[in-house]
Amino acid sequence: MKRVISLIFIGIFSACLIMVNFFNHFFAEQSLKRDAEQLLFQFHDALNEANLALHELPDPEQVQCNEATQTRLAQSSFDNPAIRNLTIIHGQDQYCSSSAIEIAIEDYKEHAIDSEYDLASIQHLNKSADFLMVRHHGDSKYIMSINPFMVNYLAEFACSNCLDYTFTIHGEPELIFSSAFQNTNQVIQYQVDKTEGNLKLSLVLHASQDFVNYYKELSWFAAVLFATIVASVLSIISYKLLTRRQSMQHMIHDALKYNEFTPYYQPIVDSRSGKLIGVEMLARWIKKDGSVIPPYQFIPYAEESGLIIDITEQILIKTAADINRFGWNKGLIFTSINIVPEHLSDDRLFHFMQGLIEKESLAAHCFSLEITERRQIEDLENAKHRLYPFYKMGMNLKLDDAGTGYGGFSYVQELGISTLKIDKMFVDTINQDDIKSQVLDAIINFANTSCLSTIAEGVESMEQVQYLASKGVFNIQGYVYAKPMAAQEMQFWQPKATHLER
Ligand code: C2E
Ligand code: CA
Ligand code: CA
């Protein structure tokens, strides 16, 4: 048990850490996306402002390069963070500049981008490039050097060193600016494009693990704390469930030892004649103190642990004796027994029932078997093989909870089913505006076309009895006739007058 709980704890703990890591990554991606979109938008804005500033300057051919002009050029570049340098060119000569930095005019290349801007670039030997905006005027022009990602754009990012960018202005030729790729461990990237008129811009932002760490929602400490709490809570719940299951198994063992499992019987009545045609045997656990435990509280554990086999046998011994007591030993009234797929894995049940039938001198068809469609039979071929001796002896097989579970059709085809027990779920839809009421009709049609008899389960009202009769379903099991009862009560039970005739 300790090992199982430790494994559960480790499993959940690891799953939580993986989940936190996944979400952290997701949040970082969302931040990168948001930042890239904002950055490209800001850059586009800066281009517009720089272009405006360029066109507010006087005709370059009329300008005298004096201190006042230099101050004005410097002021323009100072006012607009996108402008690094403003220079007036006459012909091939730099005439006047906002700063002392010379522009390498020889490597100057104009870009044919059909936009409101005239763009150019200067490619440097170290592969970096200056991005220029140009205003022509006769033989003269202004050249404005733009810094695509000046630090104050990236200053928005608290983690600016975690980012690298590749910025492209599409055209002939393309203008590409990249950061110096300071991060080699780029773990996520996001591309954003913007088209306005003929200007097409793209930005690819690459982010490092530091970026992911910066934007993650939960720190390692919080993640470990979260994982520890979740894993502890779920391990405690698992422990409780497992010990409960173990103690339930112990209790079932004791109940078997003290012979506490007992059959109850629920009548199955022909609604036309009002006569009892059979019963379903339903297990009850009657404790020493007389309290009755219903099947849903122990059957699932009994099935899971395999103890259902012993329980069935304990109850069958009492049932066989009851059948004699009721005077049903000729088999005119059948008793249905619930079996599970485990009963069909070997011949134990067959030999046990054969022994009982001989011992109590019963006709074999006193018994009928019910197998639920809710549980899957892994090996249909083997199940069919195990059922054969029962059929040969004279018992038949009913499909319980028909329409609710696994491959009813294949069970009918493969297992030699004689009767469909229509589940309460479908009976409940009678006269209700429910799509499932069509399923009820479909199940009945299926039974008719497959020459199967039917029993409707969970029938609680005469209205339902009448509807079912109108569809040819007359065998009724439900509170409308009787609830399951102990043998003492069953022995003297008489059906009321036929409801259908009333
Ligand atoms: P089931 O085989 O489908 O049995 C029918 C269940 O429906 C019974 O519940 C019965 O009391 C209930 N029922 C019948 N008519 C009505 C009705 O008109 N209204 C309502 N509300 N309920 C109705 P029960 O006895 O509590 O049994 C529950 C389930 O436990 C059974 O469903 C069966 O799957 C399982 N079970 C009972 N005894 C055994 C057993 O000996 N062996 C196995 N393997 N399973 C059993
Ligand atoms: Ca049943
Ligand atoms: Ca059923």
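A pocket here is an open set of grid points with protein on both sides within 12 Å along at least five of seven lines. In this predicted model, the space taken by ligand 1 is the largest pocket. Let's look at that site, and then at some residues in the strands that help to form its shell.

## The site of ligand 1

In all, 21 residues surround ligand 1, and the closest are Ala283, Arg284, Asp400, Glu460 and Tyr479. Sorted by class, the shell around ligand 1 has nine nonpolar, eight charged and four polar residues.

Here are polar atom pairs between the ligand and the protein.

| Ligand 1 atom | Protein partner | Distance |
|---|---|---|
| nitrogen | Ala283, polar backbone atom | 2.9 Å |
| nitrogen | Gln266, N or O atom in the side chain | 3.1 Å |
| oxygen | Glu457, N or O atom in the side chain | 3.5 Å |

On its own, ligand 1 has 790 Å² of accessible area, and the protein covers 80% of this.

Which elements give two or more residues to the shell around ligand 1? They are strand E12 (275-286), helix H6 (299-305) and strand E16 (397-402). Of the shell's contributors, E12 gives the most, with four residues.

## Along strand E12

Two charged residues of this strand make a nice pair to look at. Lys275 is found in strand E12, and Glu280 has its place in strand E12 as well. Is each of them buried or exposed? Lys275 has a relative accessible area of 56%, so it counts as exposed, the cut-off being over 50%. Glu280 has a relative accessibility of 3%; because buried means under 20%, Glu280 counts as buried.

What does the side chain of Glu280 make polar contacts with? One partner is the side chain of Asn338, at 2.9 Å, and another is the side chain of Lys421, at 2.8 Å. Glu280 is thus a buried residue with side-chain polar contacts to Asn338 and to Lys421.

Lys275 also offers a long-range distance for anyone checking the overall layout. Between the C-alpha atoms of Lys275 and Phe26 there are 68 Å, and the two residues are 249 residues apart along the chain.

## A buried aspartate in strand E16

Strand E16, another element that gives two or more residues to the ligand shell, contains Asp401. Its relative accessibility is 11%, which is under the 20% cut-off, so Asp401 counts as buried. The side chain of Asp401 is joined to the side chain of Arg374 by a polar contact of 3.5 Å.

## Two asparagines with positive phi

Away from the strands, the backbone deserves a look too. Most residues other than glycine have a negative phi. Asn259 has a positive phi, near 60°, and is not a glycine. Asn431 is likewise not a glycine, and its phi is positive at about 60°.

Where do these two asparagines lie? Asn259 is in the loop between helix H5 (220-257) and strand E11 (261-270), while Asn431 is in the loop between helix H11 (424-427) and helix H12 (436-449).

How do they fare for accessibility: exposed or partly exposed? Asn259 has a relative accessible area of 42%, and since this falls between the 20% and 50% cut-offs, Asn259 is partly exposed. Asn431, with a relative accessible area of 53%, is over the 50% cut-off and therefore exposed.

How values were computed: Residues are numbered from 1 along each chain as its sequence is written. Chains are lettered from A and ligands numbered from 1 in the order in which they are written. This is a predicted model: local features need pLDDT of at least 70, side-chain atom pairs count only at pLDDT 80 or more; totals for chains, interfaces and linings use all residues. Side-chain values use heavy atoms; hydrogens and water are left out. A residue is near a molecule or strand if one of its heavy atoms lies within 4 Å of it. A polar contact is a pair of N or O atoms within 3.5 Å; within protein, one must be able to donate a hydrogen and the other to accept it, and residues adjacent in sequence count only if both atoms are side-chain atoms. Accessible areas come from the Shrake-Rupley method with a 1.4 Å probe; for residues, only the protein chains shown count as cover. On a 1 Å grid over the protein atoms alone, a cavity is a set of points where a 1.4 Å probe fits but cannot get out, and a pocket is an open set with protein on both sides within 12 Å along at least five of seven lines; lining residues have an atom within 4 Å of a point. A molecule sits in a cavity or pocket if more than half of its atoms lie within 2 Å of its grid points. Ala, Val, Leu, Ile, Met, Phe, Trp, Tyr, Cys and Pro count as nonpolar, Asp, Glu, Lys and Arg as charged, and the others, Gly among them, as polar. Buried means under 20% relative accessible area, exposed over 50%, partly exposed in between (1.4 Å probe, protein chains only).
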